[in-house]
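Reader: Please take a close look at the salt bridges. For each pair, I would like to know which side chains take part, where they sit along the chain and how far they are open to solvent.

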Amino acid sequence: MLPQKPQPTEPSHRRTFPQLFGLVKRNPLMLSRWVIRWAVVGTACGLFAGLYWYILELITHALEQFTGPSLLVVMPLAGLVIGLVIYFLGNPGEIAVIVDNIHFRGGRLDARKNPSMLLASLVSISAGGSAGPEAPLVQVTGSFGTWFADRLNLNGEELRSMSLAAMAGGFTALFGAPLGGAMFALEILHHQHVVEYYEALLPAIVSSCASYLVFAAITKLGIAPTWHFPHYTLNNIDDFALAIVFGIIGAIAGWIFMNIFRGCDRLFAKIPGPIYVRTTVAGLGLGGFASVLPLTRYFGHHELEAVLDGSFPVLVLLGLAFAKMMTISITVTGGWRGGFIIPIFFTGACLGKAIAALIPGINPALAMICTMAALNASVTRTPISTTLLLSKLTNFAPFTPILFASLVGFFLAPKVPLITSQLKSHSEAIAE
């Protein structure tokens, strides 16, 4: 039998050389108006992030003077203020709401929630809650991206990409890592596939670079490493086995943290009355922890450096890690506003330093950074961006061990993530 003759296909349309020359003559560069738009969005995000950080620093300097037993009064009052803001201005939501909007509303983020988020987060963070500025920055800048896209009459994936680019710009401003910030804005949306909206990657990177330059020029932050870890040189392949072990430890810590978090969520859900009752009770709990363990106060930006420089017994480090898990959970589930990435890094650093103290000969930098990476990847489901962020924040040049630990933390994490909206639908929780 003769083989079947292939069906003729339509000839592909090819431009002639004069047509191509005409296109190149109009614009011979890859630079286009889209690149300018992404850069404009990033510049605006960097300006806003710089202003937000400046105001946050002013309020923090005023409230950090209260220490010890006085926090049992100051922090419940701060919780009351946070609750009243949310009660009268509306609930700004959390990262789960942002993820849902990206998935189900075409990337459209609502700017009407920004006043409540801004005021509540400024009080939450400056008073000493275990939550950082990344969540409010991502929400506010993302809604600006939506507004900007509307001005340009964008729809569909173009609108979603603009919102994601603005989210990446807001996140990058705080961490000073353009590539890591861009990847995080895409990774945080997904549970299993890591990155789905890949068409937004280049917009996110361009916006992140512009935002980083503006924020660094205003605040002088993000140019040098944020934390100064002990020196480490990768000379032995055994370090990869150690990175995997630290990844397992970080994943176990992630399981423990998520159970604590869900337990606190159930506990606060039983508190009757308006939201300001819950936020006040949360403030009392946070004040109790901060009065006994001052390093559990705030989101860990400066406190992590104190852990690096100090000499702590193993039990104290383990106690700090557990207490930080508790304060993160109380902060978020108690209605205070902010993100928990840097607090999670603080927790992982305490655990890693405890491991290095228990086992002689282990490089403390390797132990701390790998545990930080695995714990964060386990909780947030962001193994790639976690690797990039920690490499920049710690100046840990051989980032391959961090990647190993991050992947172990990611794959050993619970199937149902802490941010359940990453699943997109409940059926994904039981899907293979």
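**Salt bridges, pair by pair**

Author: E157 counts as partly exposed, at 37% relative accessibility. This is a predicted model, and the values below are computed from it. The side chain of E157 meets that of R160 in a salt bridge, with 3.1 Å from N to O. R160 has a relative accessible area of 10%; the limit for a buried residue is under 20%, so R160 is classed as buried. The pair therefore joins a partly exposed acid to a buried base. E157 and R160 both belong to helix α7, which covers residues 156–175. They are 3 residues apart there, which means a separation of about one helical turn.

How many salt bridges does a search of the whole structure find? The count is 3, and the E157 and R160 pair is one of them.

Another links D150 and R108, whose closest N and O atoms are 2.8 Å apart. This pair connects distant parts of the chain, with the two positions 42 residues apart in numbering. D150 is in helix α6, residues 134–151. R108 is in the loop that runs between α4 (95–104) and α5 (114–127). Both partners fall in the intermediate class: D150 is partly exposed at a relative accessible area of 25%, and R108 is partly exposed at 28%.

D110 and R112 also form a salt bridge, and here the closest N and O atoms are 3.0 Å apart. Are these partners buried or exposed? D110 is partly exposed, with a relative accessible area of 23%. R112 has 69%; the limit for an exposed residue is over 50%, so R112 is classed as exposed.

For the uncharged surface, there is a nonpolar patch to set beside these pairs. L72, V73, L77, L80, L84, Y87, F88, L89, L119 and L284 make up this patch, and together they have about 930 Å² of accessible area. Helix α3, residues 71–89, supplies the largest share of the patch, at 8 residues. F88 is one of the patch residues and lies in helix α3. With a relative accessible area of 64%, F88 is exposed.

Definitions and conventions: Residues numbered from 1 in each chain as written. Predicted model: local features only at pLDDT ≥ 70, side-chain atom pairs only at ≥ 80, totals over all residues. Heavy atoms only, no water. Salt bridge = Lys/Arg side-chain N within 4 Å of Asp/Glu carboxyl O. Helix = DSSP H or I, 4+ residues; strand = E, 2+ residues; numbered from the N terminus. Buried < 20%, exposed > 50% of the residue type's maximum accessible area, 1.4 Å probe, protein only. Patch = residues over 30% accessible without salt bridge, like charges linked within 9 Å, V, L, I, M, F, W, Y side chains within 5 Å. Areas by Shrake-Rupley, 256 points an atom, 1.4 Å probe, with all protein chains shown as cover.
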